[in-house]
Amino acid sequence: MSINTSSIPLPAWLEIGLIPVLNIVMALFFSGLIMLAIGVNPIEAVGIMINGAFGYDEAIGYTLYYTTNFIFTGLAVAVAFHANLFNIGGEGQAYIGGLGVGLVFLLLDKYLPMILLIPLGIMAAGLFGAAWAYIPAWLQAHRGSHIVITTIMFNFIASSIMVYLLVNVLIKPGQMSPETRQFDESSWLPFMHEVLGWFGMEVTRSPLNLSLVFALLCCVFVWVYIWRTRWGYELRTSGQSEAAARYAGIKPKTVIITAMCVSGALAGFVAVNEIMGVHHRLLLNFTAGYGFTGIAVSLMGRNHPVGIIMASLLFGVLYQGGAELAFEIPKITREMVVAIQGLIILFSGALALMLRPWVVQGYLKFKPVDEVVPA
Amino acid sequence: MVDINDADAGGGTSVNPPAQSGDDSLAIELRGISKRFGAVRANQNIDLKVARGTIHGIVGENGAGKSTLMSILYGFYQADSGEVLINGKPVAIHDSSDAIAAGIGMVHQHFMLVDTFSVLENVMLGAEGNALLSHSASAARKELQRLADEYQLSVHVDSLVSDLPVGEQQRTEILKALYRHAEILILDEPTGVLTPQEADQLFVVLNALKERGVTVILITHKLREIMDVTDTVSVLRMGEMVSHLNTRDTSMSELAELMVGRKLESRNYHRDGPLPPATGEGIEVVNLGVIDKSGKQRLKNLSFEVKRGEIVGVAGVAGNGQSMLLEVLSGISLPTTGHFVINGQKASADEPVSPSRMRELKVQHVPEDRLKLGLVKSFTAAESSVLGYQRARRFNLRGLLKLKTIRATCRRLMEGLDVRPADPNLKSASFSGGNQQKLILARELEREPEVLLVGQPTRGVDIGAIELIHEKIIEMRDKGCAILLVSVELDEIMSLADRIIVMYEGQIVAEVNGRDANKTQLGLMMANAHQEPVQDSVA
């Protein structure tokens, strides 16, 4: 009879090291098969991809710029996940976060100095994202509406609202394209090439901006919040066992709402990178699917900030290197790159635990018997 | 695997029976069945003979091994040793389909029915027989009608199971078994969810089955049912068969005594004299009632009090409302009616008191279900050791948890109650049940409770630790703590409690003095059979 391996714990280097790497290898292997089928040398393709992602400083800039978005959305999914909530609504929360930034800047960018505008913009992104997550959270906590369904639906609602506002209300008068006027330069988050330029380093222009630093700060914040504060403790307790939470005097409803609001705020920060850092105006579809990719990032990073940084970097490479690949090899279309990304998401997300039973069996074979703890 | 149909057909006339073959007038024969789970002997060397066409009862306390034995017979578990003979032929039962093929049908305590299917669909489930349902459905309908007529099993064939009363759901389960040609029917605690009237109806059905030659095994802890309906009865105690009796030669009190074992020379912790009459009350419960979400009355009209420095034991078969009582008193669940005053704080449906407030009031709760409530399995021991106290000032510094203090406290708790291994960084789930229990107890006792609610303090705990835990509880009592002790271990309650209240179906059915309690009598009270003329009630 086969044993249930899911309950057998593995050391960290296997759980968050080997297994994700094996998953990626599997995904690359199948991607390689696809490339062979269309007559492209997979080794060459990987070379182009890596070069396209890291080969020159503009490439690195782009890679890290994508990475920044994935860190925000990955963290958002992870925080909710620790409370046993599946927040699919990162896309919509990020979108509405952008609305927050846009409204604040449209109103105030002419009057306030940079030192106030930047924090206000960040706060607006977080608050609007949190508010957009609050509604499904409240419905889940008090009415039992399933958070997966409601957050998906709220993505559509967010999208429609943004189209309406940008086409009819916020659009810069006298133009065809549905976007706002450009914000005053005092609200722009400095680009990384500018910042590095202040220190005398010459770097090629790229969309990478100081949001990356903010994203890394958010990683530290999430780590402290989840594992080092009592709120995180209550969130994890509630996520692991609602009965234990109630025993411990924790109100699961409060936890659901708090966790979703924190999650929504983190997703909202995508707007910090996109709107405050790059576009400097509010426009349609700036979220470009980052919210959804955040689910895969979080799953792959095992809902831990360090894992999320690594997974975000991988997806950054895929986005940037993939674009390069489509450019360099005509046979590989943009769609092909999406297929490869899909394979990685499939293997490290949906099939994340496919290889685990074998790893566990291998591990048990080499593990001293006296370490085995009875269930 | 023996072909059961052959064995059946050859029943009386088999020539040259194999050497290991048994008496073929027996529907079931078990020989030396043993089963261990880790260090726990669930079944040890069990022998059992049940003659064809009889109703056989199996009684025993919780954890005596009844369910394990029946699970082996139905193929959920494999016995470590021993053999099973059906109709005199040895069979190997590896899973439930083997059991069904051997003519064994089982009606579980919790029904295995698909709520959104009709009775007909449920009966056909797994025995559809044809790609097109309509064909087999009409055949099944005919067969069901025949069975229903023959065994007085009336059911509404086309009703959804979820619309049926519990008794009818149970009849559906029985029909399911009969439809699969069961000749041996095992019923696990069948009357647990039935009203007395439904139970009577069930017994009519069982007698009808018996007359048609079906063998029935009835597992129950309700002795009155054993006396009413069975022909023979076996008693299980701590995994061993202690007795096989003809029902008409025995009595409820004898069975109760056999079930709980003879009186052990347990340590007596009782205080020397009575409490001074002016002693204040730690817990006062007045007309407490709880109706749960599904509308079931879980607690009904409970009234009792626990004085400071007194231990009141709650005896009863598990599932008779004790867990709910603990949950209500600790603030986890709300009462529907009535109120209670606990350490000076009144609580009722209109004035709820949260678990955190209870802790501030020094009302401490050691939950019955330690894995679900008492700790979080995936947390480290250190993290679990502050469950419920995560907001305490000494563990917090401006919102940040003081991990060093938490670990140090955990280590101290572990050393205080000898939790092994004394490693705060180990996952809670990797401790044995006894050590988990000691950790939870240490956590709650450290707060010097003034009211202590304890559920099953020594379930799954080894002998040495039991003594330690008991001494801790007595120590708290001597410090003036009011203690409510819920346990299914009668020995434990009798040696610790000053007074014992007995719960049955959410109500208090008896109250006895701890010093005068006797096990037989308590056993009868727990089965609510004490008002029989067999023995006079002291309550």
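**Exercise 1. Find which residue ranges make up the two domains of chain B, and how many residues each brings to their contact.**

Solution. In this predicted model, the assignment, automatic or from a database, gives chain B domain 1 (1–103 + 216–262) and domain 2 (281–375 + 447–537). In their contact (heavy atoms within 4.5 Å), domain 1 of chain B supplies twelve residues and domain 2 of chain B supplies 15 residues.

Residues are numbered from 1 along each chain as its sequence is written, and chains are lettered from A in the order in which they are written. Local features need pLDDT of at least 70, side-chain atom pairs count only at pLDDT 80 or more, totals for chains, interfaces and linings use all residues, and side-chain values use heavy atoms, without hydrogens and water.

**Exercise 2. Work out how much area is buried between domain 1 of chain B and domain 2 of chain B.**

Solution. The buried area (accessible area, 1.4 Å probe, that two parts lose on being put together, summed over both) is about 1,200 Å² between these domains, and carbon and sulfur atoms give 63% of it. Next, look at the side of domain 1 of chain B that touches domain 2 of chain B: α8 (223–229) and α9 (252–260) of chain B each give two or more residues. Helices here are DSSP runs (H or I, at least four residues). The largest share, five residues, comes from α9(B).

**Exercise 3. Decide whether helix α13 (residues 290–300) of chain A is mostly covered or mostly uncovered.**

Solution. Count the buried residues (under 20% relative accessible area, 1.4 Å probe, protein chains only): nine of eleven, so α13(A) is mostly covered. Among them are Y290(A), I295(A) and M300(A). Just after α13(A), R302(A) has a positive phi of about 50 degrees.

Terms used: Buried < 20%, exposed > 50% of the residue type's maximum accessible area, 1.4 Å probe, protein only.
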